[in-house]
There are 2 protein chains.
Amino acid sequence: MISRVMSAELAEHVGRRVTIAGWVHRRRRLKSVSFLVVRDRTGLTQAVAAGDLPPEESVVQVSGTVAAGAQAPGGYELVSPEVEVLAEPCVPPPLDLYRPVVQAALPTVLDHAPVALRHPLLRAGLEISAASAAGFRETLDRLGFTEIHTPKIVGSATESGANVFGLDYFGRPAYLAQSPQFYKQAMAGVFERVYEVGPVFRAEPHDTARHLAQYTSLDAELGFVRDHRDVMAVLREVVAGMLASVRRRAPAALGLLDVTLPEVPAEIPAIHFTEAQRLTSSGEPDLSPAQERWLSEWARREHGCEFLFVTGYPMSKRPFYTHPDPARPGYSNGFDLLFRGMELVTGGQRLHRHEDYVRALAERGEGTAAYEGYLQAFRYGMPPHGGFAMGLERWTARLTGAANVRQTTAFPRDLHRLSP
Amino acid sequence: MISRVMSAELAEHVGRRVTIAGWVHRRRRLKSVSFLVVRDRTGLTQAVAAGDLPPEESVVQVSGTVAAGAQAPGGYELVSPEVEVLAEPCVPPPLDLYRPVVQAALPTVLDHAPVALRHPLLRAGLEISAASAAGFRETLDRLGFTEIHTPKIVGSATESGANVFGLDYFGRPAYLAQSPQFYKQAMAGVFERVYEVGPVFRAEPHDTARHLAQYTSLDAELGFVRDHRDVMAVLREVVAGMLASVRRRAPAALGLLDVTLPEVPAEIPAIHFTEAQRLTSSGEPDLSPAQERWLSEWARREHGCEFLFVTGYPMSKRPFYTHPDPARPGYSNGFDLLFRGMELVTGGQRLHRHEDYVRALAERGEGTAAYEGYLQAFRYGMPPHGGFAMGLERWTARLTGAANVRQTTAFPRDLHRLSP
């Protein structure tokens, strides 16, 4: 590697001559002195310079003597620097990366993602996303789950039918998977406990702040549950583990974005759908975004908690593989987890007996032909099981307060956007 | 959760009455006694039973008293058992899961993956795969890399043109990404060091034992390298970390499959392409599979090493973004890593100056228009960088000795196979 110390390590080298390397974050010429601020993956270093300075986003190596500097970004700076340019930019960046706040509209940011994401605030969101995914896996590894990788190209558009991308698969019609649902259930029959972190695809025709055509789904599925409450207990562990991972792995990003992480109580409050209906004076079989916001606010007020489980959604509003509540068969053993005003996770107990699948499909007016591969698992004995799925981008948006989910992924795909 | 102890924990409960849960792996009726072998995610438990026993793949809970049993799978068995059936299979499995060896042809296994993968040997391969991916991430996390998630739907089929799946993206033509190459390079401009574990897609028209239409690519990219040798040094750490992870996380799977893990020397031997040509008496600008096998054998013989780097492939055989060897511009700073007779990893140093990209594309008779999004990163200053990509399935196949890469992924996709 290019021999260098990182910005965050300067304190260990006071009085010594060192070399740093990174991008010119900012050059400032004052009357009597100039400053060069260099950005590397650990932070910023200021060099007290003289003479001509390379422009912003030049890639440089700077050798200098480390000195305490009260005004310097990390408390230390380089004096008597020698600057070597490794690569020059062709044009100035489309936004000033050194300004504390991103002063560009979202389309400008997205059109210029390869350079815009170098802005410390935009980068920070992606660091929190990466730390979250690491916490998801870490928690489930600890609980005996096995990671799986499932097909993203599938032969039938069965799970919802709508909003699916079609493709030509060696001359046959095929589709991009909208979720790993069927596969993770089958693999719960192999490993009992499985998870997947991977892309899912929705041909979402709406241009909203909360939908993407591709997002990263955090999926888990586990067998030998009594009912959905065991799944909710694992999800509680996962959410706590994700937050702990963010706290540990991305403290600087949290500070930059001024994020206050939520507390996760030992048991997240839960209310039944019928109670949620009563509280929101709703007669509908589903909750609107406004009602989700109201319930989330209610949970904060009543339970001092930013999370709220809503359980027992009507069977009519859940997919055919949902397990009914044995005590109230019109309602399901399905749940949503609301977080800061929005549904963050959907999950539940699934059917596990083959005959129940055949019946559930028949009740919805569907045959079993399109589901043969899926139903195989149930033909050979499956334990009571359930699981959940969380969108990584939506999680990151809720955590960082990003108004638009497009700000929480590097290169979003939507109705209009297919590049960069 | 259903209250139970796991098979692997029986030794801690000798003399006590416990409940286990899992699948009926085998029932055996002898003259004077019957045995029920139950499979859970940690192993097998034998119960000494009487009376009618549920058939194979029934999901059961078995309560019994733990006793030492020299003939029992883990050295302990359950006596005086009570068996409760949680779910019954509809039909017997298409292959005997209890036989030590898989006695079914590959198409049968693949057609019945949801049940066939329950066979301990098939399951073991996937456990090794999961442990390997965990080791990949763990090593790179330790080295300061950041995980990224990049688009799998792209607007132009630029990287190779051929073997790409086309799809309809809201009425516009789009393609499934063949690699995250362009995106990981751009993100090396943001985080310096990035990795991605995700699916890539190749419309591979050949029906061979080493090609899949979807596979899991382990991708890494890092900035501030001197040249490709720094990339090779990181790859060496990654391979060692993957093996250590397999050793730690999947010892039972290694035992079942009788896998001998390779040693990774502090420095993996490397030879230049021209030397590889000389050794194999080849005049071709690339190495054939037979030559790769020969070289791999040679490395084992000469260096006592199952890995071999071949460096300096001719520029004409590498993609346009490959950095040439400054001392011999017809040859590249690109490398392959051979492992047990096959190319396992491809990598190298990339171009990092915008003008070099413009020139490289022009030399190949291409304009820059189709590459605008990609070239953005280089317009704004990029450090010298490089990276590599490894197919998780191919790695697992080499490690476990699987003859066909389809045996190392749960639900393979190929020219003919789109389900389950």
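Which residue forms a salt bridge with Arg229(B), and how far apart are the closest N and O atoms? Keep that in mind as you read; the reply comes in point 2. Here is a friendly walk through the structure.

1. A word on the model. What you have in front of you is a predicted model, so please read each distance and percentage below as computed from that prediction.

2. The opening pair. The partner of Arg229(B) is Asp227(B), and their closest N and O atoms are 2.5 Å apart. The two residues sit in contrasting surroundings. Arg229(B) is exposed, at 55% relative accessible area, while Asp227(B) is buried, at 13%. Elsewhere, salt bridges with shared partners tie Glu138(A), Arg248(A), Arg249(A) and Asp141(B) into one network.

3. Other salt bridges. Over all chains, a search of the whole structure gives 60 salt bridges. One of them pairs Arg99(A) with Asp96(A), with 3.0 Å between the closest N and O atoms. Both ends of this pair are partly exposed: Arg99(A) has a relative accessibility of 31%, and Asp96(A) has 34%.

4. A bridge across chains. Glu147(B) and Arg137(A) also form a salt bridge, their closest N and O atoms being 3.0 Å apart. Because Glu147(B) belongs to strand β6 of chain B and Arg137(A) to helix α3 (residues 120–142) of chain A, this pair joins two chains. Both Glu147(B) and Arg137(A) are buried.

5. How the chains are related. Chain A superposes on chain B after a rotation of 180° with 0.0 Å of shift along the axis, and the RMSD is 0.0 Å. The two copies are therefore related as by a two-fold rotation axis. If you would like to find that axis from chain A, look for Leu167(A): its C-alpha is the nearest one in that chain, 2.2 Å from the axis. Both copies use the same surface, since 100% of the contact residues of chain A recur in chain B.

6. A buried lysine. Is Lys152(B) buried or exposed? With a relative accessibility of 4%, Lys152(B) counts as buried, because the cut-off for that label is under 20%. Lys152(B) sits in a loop of chain B, between β6 (146–147) and β7 (153–154). Its side chain makes a polar contact with the side chain of Thr150(B), at 3.3 Å. Beyond four places in sequence, Lys152(B) touches residues of both chains: Pro199(A), Phe201(A) and Gln214(A) are among them, as are Tyr175(B), Glu196(B) and Phe201(B).

7. An enclosed strand. Why can strand β17 (residues 342–350) of chain B be called largely enclosed by the rest of the structure? Seven of its nine residues are buried, so the description follows. On one pairing, β17(B) runs antiparallel to strand β16 (residues 334–339) of chain B, with six bridges joining them. Within that pairing, Leu338(B) stands opposite Glu343(B). The hairpin of β16(B) and β17(B) has two residues between the strands, and Arg340(B) takes a positive phi near 50° there. β17(B) also pairs with strand β18 (residues 385–391) of chain B, in the antiparallel sense and over six bridges. In this pairing Thr346(B) stands opposite Ala389(B).

8. Annotated positions. An unreviewed UniProt entry carries the annotation "binding site" for Glu159(A), Arg202(A), Thr346(A) and Arg350(A). Let us look at Thr346(A) and then Arg350(A).

9. Thr346(A). This residue lies in strand β17 (residues 342–350) of chain A. Thr346(A) counts as partly exposed, at 32% relative accessibility. Apart from neighbours within four places in sequence, Thr346(A) is in contact with residues including Arg318(A), Phe335(A), Gly387(A) and Ala389(A). The side chains of Thr346(A) and Asp336(A) make a polar contact of 3.2 Å.

10. Arg350(A). Arg350(A) is found in strand β17 of chain A as well. Arg350(A) is buried, with a relative accessible area of 6%. Its contacts, leaving aside neighbours within four places in sequence, include Gln181(A), Lys184(A), Tyr321(A), His323(A), Tyr357(A) and His385(A). A polar contact of 2.8 Å joins the side chain of Arg350(A) to that of Glu221(A).

Methods:
Residues numbered from 1 in each chain as written. Chains lettered and ligands numbered in written order. Predicted model: local features only at pLDDT ≥ 70, side-chain atom pairs only at ≥ 80, totals over all residues. Heavy atoms only, no water. Helix = DSSP H or I, 4+ residues; strand = E, 2+ residues; numbered from the N terminus. Buried < 20%, exposed > 50% of the residue type's maximum accessible area, 1.4 Å probe, protein only. Polar contact = N/O pair within 3.5 Å; in protein donor to acceptor, adjacent residues only side chain to side chain. Contact = heavy atoms within 4.5 Å. Least-squares fit on C-alpha atoms with pLDDT ≥ 70 in both. Salt bridge = Lys/Arg side-chain N within 4 Å of Asp/Glu carboxyl O. Pairing = 2+ DSSP bridges. UniProt positions renumbered as here; feature names shortened; annotations may be inferred.
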